[in-house]
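User: Could you take a close look at one lysine here and walk me through its surroundings?

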Amino acid sequence: MAKEGVRIAKIYTRALQGIEAPLVTIEVCLASGLPSFTMVGLPQTGVREARDRVRSAMLASDFSFPKGQKITVNLAPADLPKFGARYDLAIAIGILVANNQVPESSTVGREFYGELTLNGDLREVTGILPAVMSCRDEGREAVIPLENADEAAVLREQQCVAAISLRDVVEHLISPNKLPFIKPQPPSQPDPMHGDVADVIGQHQAKRALLLAAAGGHHLMFVGPPGTGKTMLAQRLLGLLPALDERDGLAVAAIRSVSGTLRGNHWQQRILRAPHHSCSAAALVGGGLSIPIINANFS
């Protein structure tokens with residue numbers, strides 16, 4: 001129990017670690033003392049800059065920002081690095097709860113994601129799909145930016161609402177007029193971008209190998225000099241295979257969500273990666289200090 005003059009609020013959100021979305025608890029403490037805004041819990045630069053975004057967004061949305069108080073925001077667990085602006089909305093809601101502008105009971109069973117602009121609007125963030133999947137498994141409701149609604153619609157079973165601004169989120173929490181749940185969108189048929197084996201002239205032995213590999217689920221390796229049709233034949237293999245099932249399709253969609261390339265509802269479509277034979281291991285896998293697959297290209 002907090003001491004007199006100390007107000008603490010807890011809000012749930014999720015980090016991004018590869019294609020996993022570990023739970024993060026945003027703890028906001030308002031206490032008397034020298035006015036300050038401190039963030040702890042391994043926040044990187046993009047997270048620390050949330051102080052200015054949250055303050056401006058709250059004032060622009062006609063909410064009062066705590067004055068003359070010491071604000072401490074803890075992002076637990078403390079040993080998990082946090083990066084990006086995905087915590088802005090959760091931090092803002094935590095401050096509103098601690099400042100008695102939003103009832104704490106309205107945030108129970110909910111998780112919040114989204115970047116805030118200076119005028120209080122919500123901006124999309126990457127990796128929403130893994131977060132919403134984990135939120136669904138915990139039986140909570142996810143509050144996300146409207147621009148991420150298409151990603152959440154991939155899931156058949158979810159409790160997810162999309163908001164345009166911080167004001168919309170608060171209205172959803174305190175008013176009887178709730179935001180509607182996002183309606184799931186069934187996956188569409190894959191685009192015929194892979195070509196047809198019948199279009200290949202010659203290469204009878206290679207085409208037979210494709211058919212056998214597709215029918216039996218075997219591995220297949222093409223060896224030969226450049227220009228002999230290895231990539232062309234590999235592209236035709238996609239047309240011989242069925243669409244991904246829901247489990248594998250969601251795994252691929254999660255990778256595309258993390259890399260920011262999930263567009264449309266073709267998430268059950270198989271993907272061919274054709275790296276150059278001279279590329280390095282780092283170029284093949286992708287690099288970066290935070291998300292190793294953030295540079296993956298799924299075009």
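Analyst: Happy to! Let's start with the side chain of K82: one of its polar atoms lies 2.9 Å from the backbone oxygen of L75. The side chain of K82 also reaches the backbone oxygen of G41, at 3.0 Å. Both are polar contacts (N or O pairs within 3.5 Å, one able to donate a hydrogen and the other to accept it; residues adjacent in sequence count only if both atoms are side-chain atoms).

This is a predicted model, in which local features need pLDDT of at least 70, side-chain atom pairs need 80 or more, and totals for chains, interfaces and linings use all residues. Residues are numbered from 1 along each chain as its sequence is written, and side-chain values use heavy atoms, leaving out hydrogens and water.

K82 sits in the loop between strand 4 (70–76) and helix 3 (88–98); these are DSSP runs numbered from the N terminus (helices H or I, at least four residues; strands E, at least two). K82 is buried (under 20% relative accessible area, 1.4 Å probe, protein chains only). Even so, K82 has no salt bridge (a Lys or Arg side-chain nitrogen within 4 Å of an Asp or Glu carboxyl oxygen). The nearest side chain of opposite charge, D79, is 6.1 Å away (Lys and Arg count as positive, Asp and Glu as negative; His and chain ends are not counted).

Leaving aside neighbours within four places in sequence, K82 is in contact (heavy atoms within 4.5 Å) with V24, G41, L42, P43, Q44, V47, L75, A76, P77 and Y87. On the same terms, L75 and Y87 are also among the contacts of I26.

Terms used
Buried means under 20% relative accessible area, exposed over 50%, partly exposed in between (1.4 Å probe, protein chains only).
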